[in-house]
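User: I would like a close look at one part of this model. Please take the second largest pocket and set it beside the core and the largest pocket.

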Amino acid sequence: MASLGDTGTIRARNTGTEALAGKVSAQRRLGWIGIAVAVIALAGLIAVPFFVYPVFIMKVLCFALFAVAFNLLLGYVGLLSFGHAAFFGGAAYFTAHAAKVWGWEPLSAILLGAAGAGLMGLIIGALAIRRQGIYFAMVTLALSQMVFFIFLQAPFTHGEDGIQGVPRGHLLGFIDLGQPLNMYYFVLAVFVAGFFAVWRIVNSPFGHVLKAIRENENRAISLGYRVERYKLGAFVMSAAIAGLAGSTKALVFQIATLTDVAWQMSGEVVLMTLLGGMGTIFGPAVGAALVVTMQNYFATSDIPVTVIIGVIFILCVLLFRRGIVGEAIRLMKR
């Protein structure tokens, strides 16, 4: 016959098992909802250029990929970089130079830009990753400013004029990217590939270690993980995918300028990520779409667009601390 103590232990175990089962069920439900949202969003993106100006949607996709790449570092590792504009804008310069001066095919030029951004991420990350918190953010900001002045002075960037008239060329030699719809679906394919890469990284064993480092770095060290290598790996991947976004943007707008490599661009991607929801897979894309849309539609407003965005950001921070998607997920978990 079980004693009162044994009965209490059994009840506690049953309660814990039920709570775990409920948590697993909620995670599965969220997973199915995420798949449904992704399918609906992809169907919408395939159809949207027939109703909305394609260049605007391409701009949204480029910045959404940039924000998703940035979120890989901030949302899943907990590292706030103020230097990601160096990878976004640097890759734009590499791609623009390869396509215009060397006459490279568009896909090769974009891959060169992403590889160049990854190499820059390796160098900057190796220097910055040894610091944490505000010191890490300041080191990345300082190094990105050095990159800015290098691009300002380097002859191949043409200084403040930038590289203009970048040809879109023919994808694989026969698909004319000068046609708006061809260019749009190419940009959509790049976005889906980059988005899937980030999703795969986050849900891999490597991604689980990154999240463990974010939650408790000391415990991860005590378990034998070499956290600096994991953080550097995440930094390089984030830089390369950010470079993929910058390279694509250079072909869309056929120009690479200092605007893309300036520190304001680093601040803008932080804003997009926080508005949409840091640490969520869809949040940064939603934040980027919101910011780019406001910049586009309020550009002719009497009130400066930066003031409008600033007010919305303050409201979101006060009312939706987890960001738009983060709050939606919290409500669905109830």
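Analyst: What follows describes the second largest pocket, then a lysine in its lining, then the core and the largest pocket.

The model is predicted. The second largest pocket has a volume of about 240 Å³. Its lining is made up of K59, F63, K249, F253, T257, T259, D260, A262, Q264, M265, E268 and Q295. Sorted by class, these residues are 4 nonpolar, 4 polar and 4 charged. Helices α2, α9 and α10 each supply at least two residues of this lining. Helix α10, which covers residues 263–276, gives the most, with 3 residues.

K249 is one of the charged residues in that lining. K249 sits in helix α9, which runs over residues 227–253. Is K249 buried or exposed? Its relative accessibility is 11%, and K249 therefore counts as buried, the cut-off being under 20%. Leaving aside neighbours within four places in sequence, K249 is in contact with C62, F63, F88, Q254 and D260. Of these partners, F63 and D260 also line the second largest pocket.

F63 leads on to the core. The largest nonpolar core has 88 residues, and F63 is among those with the most contacts inside it, together with F66, F87 and M183. Helix α2, residues 54–77, gives the most to this core, with 19 residues. In soluble globular proteins, nonpolar side chains tend to be buried together. F66, another of the residues with the most contacts inside the core, is in contact with H84, A85, F88, A242, A245, M265 and V269, again leaving aside neighbours within four places in sequence. Two residues in that list recur around the pocket: M265 belongs to the lining, and F88 is a contact of K249.

The largest pocket encloses about 1,600 Å³ of space. Its lining has 41 residues, with G34, F195, W199, I281 and F282 nearest the centre. By class, the lining divides into 30 nonpolar, 7 polar and 4 charged residues. The helices that each supply at least two residues of this lining are α1 (4–47), α2, α6 (180–202), α7 (205–215), α11 (283–297) and α13 (323–333). Helix α1 gives the most, with 14 residues. Helix α2 thus appears in three places: it supplies residues to the lining of the largest pocket, to that of the second largest pocket, and to the largest nonpolar core.

Conventions:
Residues numbered from 1 in each chain as written. Predicted model: local features only at pLDDT ≥ 70, side-chain atom pairs only at ≥ 80, totals over all residues. Heavy atoms only, no water. Core = buried A, V, L, I, M, F, W, Y, C linked by side-chain atoms within 4.5 Å. Buried < 20%, exposed > 50% of the residue type's maximum accessible area, 1.4 Å probe, protein only. Helix = DSSP H or I, 4+ residues; strand = E, 2+ residues; numbered from the N terminus. Contact = heavy atoms within 4.5 Å. 1 Å grid on protein atoms, 1.4 Å probe; cavity = no way out; pocket = protein on both sides within 12 Å on 5 of 7 lines; lining within 4 Å. Points joined across faces, edges and corners; volume = space filled by probe spheres on them.
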